Each structure stands twice: as structure tokens, then as C-alpha cells.
Amino acid sequence: MTIISDNITKAVHILESEDLVAIPTETVYGLAGNIYSDKAIRKIFEVKRRPLFNPLIVHLHSIEKLDAIVSDIPPKAQLLAEAFWPGSLTLVLKKKSSVPDIITAGKETVAVRIPNHPVALELLEKLSFPLAAPSANPFNCVSPTKAIHVENYFKNSIRMVLEGGDCKNGLESTIIGFENGEPLIYRLGSISIEEIEDVVGKIDVKNKSKDSPDAPGMLAKHYAPKTKIYLTDNLDSFVKKYENKRIGVLSFSKSVSASNIEQIEILSKSEDLKEAASKLYGALHSLDALNLDMIVAQRFPDYGLGKSINDRLERATK
Ligand code: TXA
Ligand code: MG
């Protein structure tokens with residue numbers, strides 16, 4: 001029996017009874033629970049097999065609810081919130097003591113965002129508490145962009161996936177923290193660096209190579225399919241080198257043909273990076289289901305969402 005349902009009232013009941021519901025957002029599906037319920041939050045970590053040192057993102061219905069959660073909003077955070085909320089931007093800000101330590105892994109900061117998805121917003125409006133929601137995938141696996149991805153991962157451990165269609169953006173939110181009042185990108189994501197810089201000026205990406213629990217989304221290995229994945233600048237020559245392997249190809253816009261290619265996923269024939277980002281995880285889920293010897297992915301252009309896509313592909317190869 002399916003656990004996918006579009007019944008928002010049922011989702012409200014489950015969440016009010018301190019249990020979990022997977023919810024749609026415009027980035028990826030999240031595994032949601034009441035931030036004030038120790039029982040629900042522990043279950044999130046358990047179901048995902050996620051280490052407790054990896055903090056969660058708090059999802060709010062509107063900016064008026066922000067004051068209950070955070071104690072200090074730097075001017076540039078205010079500008080970013082006005083520019084991108086509701087939307088795929090997560091801000092890491094100083095937390096109020098009312099936010100349970102388990103949400104923030106004991107940190108003084110809390111990650112927050114307002115999702116831009118009608119179903120998520122309707123649900124949040126009906127609840128008297130915010131929702132903690134990490135991506136609804138087991139730790140280190142590819143994030144879900146369709147309700148069925150979540151069902152495949154968790155049908156034996158959660159009661160409901162709230163149907164919200166395919167995630168429009170398809171990549172996790174961009175996470176921004178503040179050091180001495182200045183913004184710093186903790187995780188590349190659905191909003192490009194260029195769009196962020198249009199609002200706050202030049203911004204750096206926090207030291208990528210360091211395995212810092214500051215943003216475990218930045219851990220070197222993450223977002224990986226079961227199948228070994230390789231990243232290349234030249235699909236044709238890479239595929240030729242592995243004649244005896246059964247290969248799945250992930251291409252930006254062009255087709256490649258060779259007898260050892262079992263399936264090719266083309267992310268955007270018109271080379272639209274937004275379209276490619278929205279299809280990336282769906283393509284990885286499809287290729288991974290075929291039990292091939294390897295997935296060969298093309299490196300994307302190093303600007304706009306191409307940077308975020310390359311970031312995820314690089315982590316998947318580790
Ligand atoms: O698009 C998204 O952000 C999705 C949807 C469901 O909203 N959520 C998501 O959550 O990607 P998750 O848990 O998979 O990734 C959250 C990232 C983690 O890398 C975590 O370490 C980081 O946010 N994070 C959370 N709180 C933090 C904090 N206080 N300081 C630094 N990083 C934090
Ligand atoms: Mg995640």
C-alpha cells in the first residue's frame with residue numbers, strides 16, 4: 001500500500017501527534033517533525049540514520065515567525081530574507097534559547113528558511129509550531145525530488161508522504177551563515193552565487209575541503225548514488241575507455257552513443273541550467289536503479305547553477 005497522500009488534514013494530525021510526515025518543498029522533499037517535540041526530532045535522526053552532530057533546518061510559514069526562533073538578524077540577512085523568502089535560501093542565525101539543542105546539534109546558531117511551495121505553506125499555516133526538515137533521504141544518499149523517491153526510501157519507517165508533485169528547483173537550498181556580520185556561503189544550492197551577489201555584493205564559499213561539522217552538507221562525501229559515479233570534461237573519450245562496462249550517462253545537453261551505454265539522461269537540450277538542476281536528482285535516481293557498472297557524468301559550466309550542480313556531482317564521486 002502506498003504512503004503517498006495529498007490529505008493535508010491527515011498530515012496535520014500526524015505531526016500534532018509528534019510523528020513524522022515527508023513534505024514537498026520547491027527544493028527537495030523534507031522529512032518533517034515538530035521542532036519542539038523531542039520524540040519527533042529523535043525519530044528524524046533515527047529514520048535517516050543521521051549523526052546527531054548534523055543540525056537540522058527549521059521551516060517557517062512566514063517572516064513574522066522568525067522572532068520566535070532567532071535573536072539577532074544582521075542587516076545583510078534582512079536584505080537576503082526580503083529578496084529570497086519564501087524561497088530556496090537558508091539563513092544560519094543566532095538562535096533563541098527556546099530552540100531545542102537537538103535541532104542545532106548544540107550550536108548557538110539555527111538554520112531557517114521559508115519554503116516556496118503552496119502545499120508546504122498551507123501545512124505550516126495550519127500548524128502551531130515550525131517544522132524541522134532535513135532532506136528525506138537516508139544519510140549520504142541522493143535527495144528525493146518526487147514523492148515516490150521518498151516512498152522507496154522510507155515506506156517501512158514513516159506513515160505518510162504528502163504529495164506535492166515534482167520539486168521545481170530540484171537542488172537543496174543555498175545556505176548562508178554570518179561571520180562578523182558578513183555573509184558566507186556554507187552550501188551552494190538552488191539560488192546561484194550571482195543572484196546572491198546581486199543583493200549583498202561579493203561573497204565567498206566557506207572552505208570546501210574542510211570536513212567541518214559547521215555544515216555537514218559540505219562533507220566531502222554526500223549526495224551519492226549506490227553506483228560508482230565519475231565526472232568528466234569529455235564524455236565521448238571517457239565512455240570509449242571503458243568499453244567492457246555497462247554505463248549510464250548523465251549529459252548536460254548532447255547525446256552520446258556507444259554500445260556500452262545502457263541509458264543516457266540529458267538534463268537540458270536547450271542548455272538551461274535551471275532545467276538541468278531540476279532534473280539532476282531524478283536522473284541520478286533513474287540511473288542508479290539500473291544496477292550498472294558506472295555512471296559517467298559530464299562536468300557542467302562553472303557559473304550560475306552549474307557551480308551548484310558540479311558541487312553535488314563532485315561530492316557524489318567521492
Ligand atoms: O532545500 C533544503 O535545504 C532541504 C529542504 C527539505 O528544505 N533541506 C535540507 O536539509 O537540505 P539537510 O538537513 O539535508 O541539510 C541541511 C544542512 C546540513 O548540511 C546542516 O549541516 C546544515 O544545513 N546546517 C543546519 N543547521 C546549521 C547550523 N546551525 N550551522 C551550520 N550549518 C547548519
Ligand atoms: Mg540532505
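This report walks through a few helices, one sheet, a buried serine and the cysteines of the structure above. Keep in mind that the model is predicted.

**The sheet and its helices**

Let's start with the open sheet, where four strands line up in the order β12-β15-β13-β14 with parallel pairing. Strands in a sheet are held together by backbone hydrogen bonds, and the pairing can be parallel or antiparallel. Here β12 (229-232) and β14 (261-266) are the edge strands; each has a single partner, so one side of each has no neighbour in the sheet. From one strand to the next, the twist averages 20°.

If you want a spot to zoom in on, try the pairing of β13 (residues 247-251) with β14: the two run parallel and are joined by five bridges. In that pairing, S251 sits opposite I266 of β14.

Two helices pack here. Helix α9 (residues 273-288) lies across β12, β13, β14 and β15 (294-298), and runs at about 175° to β13. Helix α10 (residues 305-317) packs on the sheet too, touching β12, β13 and β15, with its direction at about 135° to that of β12.

**Two helices with a buried face**

Now for α1 and α3. In α1 (residues 8-16), the buried residues are I8, A11, V12, I14 and L15. Looking down the axis of α1, you find them within an arc of 165°, so they line one face of the helix. Helix α3 (residues 75-84) has A77, L80, A81 and F84 buried. These fall within an arc of 100° when seen down the axis of α3, so they also line one face. The spacing makes sense, because an α-helix has 3.6 residues a turn and residues three or four places apart point the same way.

What covers these faces? For α1, the cover includes β2 (21-23), β3 (30-34), α5 (118-126), β8 (131-132) and β9 (161-162). For α3, the cover includes β6 (89-95), β10 (174-179) and α7 (193-200). On the face of α3 turned away from its buried side, you'll see the exposed residues P75 and E82.

The ends of α1 are worth a look as well. N7 caps the N-terminal end, with a side-chain oxygen 3.1 Å from the backbone nitrogen of T9. Just after α1, E18 takes a positive phi of about 65°.

**A buried serine**

S143 is in the loop between β8 and α6 (147-154). Is S143 buried or exposed? It is buried, with a relative accessible area of 1%. Its side chain makes a polar contact of 2.5 Å with the side chain of E172. Setting aside neighbours within four places in sequence, S143 also has contacts that include V28, S135, N137, Y223, Y281 and H285.

**Cysteines**

How many disulfides are there? The count is zero. The sulfur of C141 has its closest cysteine sulfur in C167, 17 Å away, and that is too far for a bond because a disulfide needs the two sulfurs within 2.5 Å. Seen from the other side, C167 is in no disulfide either, the nearest cysteine sulfur being that of C141.

Burial for the two cysteines and the serine looks like this:

| Residue | Relative accessible area | Status |
|---|---|---|
| C141 | 25% | partly exposed |
| C167 | 5% | buried |
| S143 | 1% | buried |

Note on methods
Residues numbered from 1 in each chain as written. Chains lettered and ligands numbered in written order. Predicted model: local features only at pLDDT ≥ 70, side-chain atom pairs only at ≥ 80, totals over all residues. Heavy atoms only, no water. Buried < 20%, exposed > 50% of the residue type's maximum accessible area, 1.4 Å probe, protein only. Pairing = 2+ DSSP bridges. Axes fitted to C-alpha atoms, helices over the stretch in contact; angles between N-to-C directions. Contact = heavy atoms within 4.5 Å. Arc of directions from axis to C-beta. Polar contact = N/O pair within 3.5 Å; in protein donor to acceptor, adjacent residues only side chain to side chain.
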